[in-house]
Amino acid sequence: MSDRTQGQIVLEHVSKRFGSVVAVDAVNLTIPGGEFFSMLGPSGCGKTTTLRMIGGFEEPTSGRILLQGEDVTWVPPAKRNVNMVFQAYGLFPHMTVAENVAFGLRIKRVGRAETTARVADSLRIVRLEGLNERRPRQLSGGQQQRVALARALVNRPAALLLDEPLGALDLKLRRQMQLELKSIAAQTATTFVYVTHDQEEALTMSDRIAVMNEGVVEQVAEPRELYEHPGTAFVAGFIGISNLLALRVDERRAGVLEMRLGEGQRLLAPDPGGVGDAFQITVRPEKVKLSNGSVPDGCSLIAGTVSEVVYLGSMTQLIVQLATGELLTVHQLNDESGHAEARVGDQVRLQWRVDHSYVIGSGASPDTEPKA
Ligand code: ATP
């Protein structure tokens, strides 16, 4: 193992079939050591199966899995330097916190002094010092989850595999644990591979995210890149709310595509180059503004009728029906800017900058290598 492969996980063309079901379809991934990497997607997209193959709990139908540069495709779970953390914590109820955490080391016959030191170290990382003598039933759900994490970390695995580990917690605790997990990951050199169907959770915690759909990795990117430059319509729809609009090119000039909609209205988007005169574009709800005067040249302008107004506290969400029949979601921040309150049935004009239109599939490469 070289420094470069320390903690690194590589999936080469990995597929898994269960009878006629293709659960995972030719997945290629490179996860560098120390990265917080999430696999995100709807139920049944193959994320758990991928994680289980990395852990050795499932054998690929084809392809190879490399851990720290070594082919582990056929190596049993216990012989891989990875640890899995499940949603059901699986703590031993009759053992104390410290005994639960020490369990793996005892099996490996690690000496008493070293065990004590490593258990203390793990409990410090998960901020459970002082609770060594408690039993699991005397702990909250969040604390039990942290014991499960400490129990995995004590083995100093090259990678920690986490399958929806916060699923059993209520929303508030879940949010708190998301931040804690991120800080725990930052304190260790361990690679974290995290499975979730919750996009907000993935965006909060991850260095990079793989969005999966029907066994295929649709896009691998950093959270901001995924949100602002979704590679496919599926990713655009799965990460946050996104508006998908059809753009038929009437004119191409100076790197901009234009669709004319009459009466000064237009849809603009950066020209991704190449051929074609029909595109799908996406624009995020917070980029769309209600227009109340002259509109600068570099902006899309489109009229519509407000069909829904939902007050969401820090912002108000409007659904606007466009002349094209499409629906556009608009988020207005309820700050001090004092914009006019829209009502259902209002005729409005919407505008947004050309660079806030993003042509689907234009920028995202299938490249799964992290940026250097
Ligand atoms: P969830 O979030 O619901 O756990 P997932 O994205 O983790 O979903 P997987 O559990 O990986 O999805 O399942 C992917 C597909 O493989 C699904 O269609 C599932 O029904 C199927 N599958 C998973 N395990 C088995 C199995 N042991 N036998 C047969 N089919 C399976």
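## Polar contacts of the ligand

In this predicted model, an N or O atom in the side chain of S43 lies 2.6 Å from an oxygen atom of the ligand. The backbone takes part as well: a backbone N or O atom of C45 is 3.0 Å from an oxygen atom of the ligand, and a polar backbone atom of G46 is 3.0 Å from an oxygen atom of the ligand. The ligand on its own would expose 630 Å², of which the protein buries 58%.

## The shell around the ligand

Besides S43, C45 and G46, the residues around the ligand include F18, V21 and A23, together with P42, G44, K47, T48 and T49. Sorted by class, this shell has 5 nonpolar, 5 polar and 1 charged residues.

Two elements, β2 (21–31) and α1 (47–55), each give two or more residues to the shell around the ligand. The largest share, 3 residues, comes from α1.

## The packing of α2 and α3

Two packed helices are described by the angle between their axes and the distance between the axes. For helix α2, residues 97–107, and helix α3, residues 112–125, that angle is about 120 degrees, and the axes are 10 Å apart. Angles from 65 to 115 degrees count as roughly perpendicular and those over 145 as roughly antiparallel, and α2 and α3 are therefore oblique to each other. The crossing that α2 and α3 make is right-handed.

Note on methods. Residues numbered from 1 in each chain as written. Predicted model: local features only at pLDDT ≥ 70, side-chain atom pairs only at ≥ 80, totals over all residues. Heavy atoms only, no water. Near = heavy atom within 4 Å. Polar contact = N/O pair within 3.5 Å; in protein donor to acceptor, adjacent residues only side chain to side chain. Areas by Shrake-Rupley, 256 points an atom, 1.4 Å probe, with all protein chains shown as cover. Helix = DSSP H or I, 4+ residues; strand = E, 2+ residues; numbered from the N terminus. Nonpolar A, V, L, I, M, F, W, Y, C, P; charged D, E, K, R; others polar. Axes fitted to C-alpha atoms, helices over the stretch in contact; angles between N-to-C directions. Parallel < 35°, antiparallel > 145°, perpendicular 65-115°, else oblique. Left-handed = near helix turned anticlockwise from the far one by under 90°.
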